[in-house]
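Q: I have a model open on my bench computer and would like to learn how to read its aromatic rings. Could you walk me through them?

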Amino acid sequence: MTAVLSATLSAAALLAACDDAPSGRDSFAPLEFTAADIEVIGSSDSLAVVQDMEVLSDGSVWVLNSQPPFFAGFGPGGESLGVHGRSGGGPGEFQMPSGFVTGGWEGDAWVFDFARHVITRISKPRESLAVIPLRSDVLPPGSVRGGMNMLGNSVRTARMGHEIILPRSTATMESGPLQFRFALLLADLVAVDPETGAARDLVALGEVLDDPSGDFIASEGAFPLWYRLWAPCGDGPVRVHDRVRNQLRGFDGSGAEVDPIDLPPVPFSEVTPHQFAAAVFRMRQAQVTGDVAARLTEEDSLRVLDRIARTVRGRPDELASYLPRYVDLRCTESGTIWMHPLDPDVGGLSGGRRWLRIAPDGAADPAGAVQDVYLPDGFDAFRFTESRIWGIRRDENDIPSVAFIALPGG
């Protein structure tokens, strides 16, 4: 581990020069919420770890569960709309549900099933399942991959106008695990017409974004991979995080680029060896145990974490340059952008309480377009509208409930 970590730092100067570029932007006054601001609308004994959420135009909410039954629905007043979704390959069963289509389709909630390679309606469980097939000539089975988190199977898909946007990668394990991992970051965004199945290339991220890894070529070991964060903003452009330029790039429905939005200075510029070790701990654990889902005891975890921290070499700014800056990017129907900075103190390549709220006219108004928003502990945000932040509240016993936080003026 020592040799590998030391080798990775040879490209740190290339990354640091890009990450430290000033943006010259002031922020709105920070907005901080507490537990008293959380409004719970419903819960279910079936909920385990919520992986995704979809909020429909009628106010109903559907959640994607980590285990069967995969789906639970709640009405605007919290009433149960049903719990369903068995694991399997038969009618009404799901093999690997990997995320909702953000924005839904025709007023319903749809989920992408990675193993079946289809998009399925789940918000009408009492009716026969409606399916949007994905043509294998444009989107071969296994090619729709998220490229956002190597330790999970989440895949982001989203509605943009009358089409659904999916990330496509041509990566295969035949080229080797290393090339497979890097190729996932170069996904193309493909637009699919749900009515005809026709698909077209929208934008190739590997061609428009510079590679933040510079000349670094890893040989082995556990290293964080840089997230490709993207989100359609309603009928507006697809916004993509460009780490090298410290911008949000935008591409319209034709794939043409629109004005970028400059981001504030990077959320952190230094990390300690212990923070770096905590960030890559789960990835290292997966390599050692051979199982992403494996869990060590708290005592063993601390011992392994300390051991990894002692092998880390590099200056604090060099170590910081190898971590993702942001771990999530969302957009409202009207174009307001929400970004979740990585928090080195939380560990696991995840964010903390802080989110960035970016005005839709950020490109035209570079001053005062970004606001820091702090969410309460125990609240995980999944969806944003102009009036509410939707997510999951976990109580003192870690029991999840569907909840929201009302935004001022919403």
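A: Gladly! Let's start with one ring: Phe100 is buried, with a relative accessible area of 1% (buried means under 20%, exposed over 50%, partly exposed in between, with a 1.4 Å probe and protein chains only). This is a predicted model, where local features need pLDDT of at least 70, side-chain atom pairs count only at pLDDT 80 or more, and totals for chains, interfaces and linings use all residues. Residues are numbered from 1 along each chain as its sequence is written, and side-chain values use heavy atoms, leaving out hydrogens and water.

Q: How is an aromatic pair described, and which kind do Phe71 and Phe100 form?

A: A pair of aromatic rings is described by the distance of the centres and the angle of the planes. Rings of Phe, Tyr and Trp (its six-membered ring) pair if their centres lie within 6.5 Å; planes under 30 degrees apart count as stacked, over 60 as edge-to-face and the rest as tilted. The structure holds 7 aromatic pairs. Phe71 and Phe100 make a tilted one, at 6.3 Å centre to centre with 50 degrees between the planes.

Q: Which parts does this pair tie together?

A: Phe71 belongs to strand E5 (residues 71–74) and Phe100 to strand E9 (residues 97–102), so the pair links parts 29 residues apart in sequence. Strands here are DSSP runs of E, at least two residues, numbered from the N terminus. Phe71 is buried, with a relative accessible area of 0%.

Q: Which residues do ring pairs link into a cluster?

A: The cluster joins Phe70, Phe71, Phe94 and Phe100.

Definitions and conventions. Helices (H or I, at least four residues) and strands (E, at least two) are DSSP runs, numbered from the N terminus.
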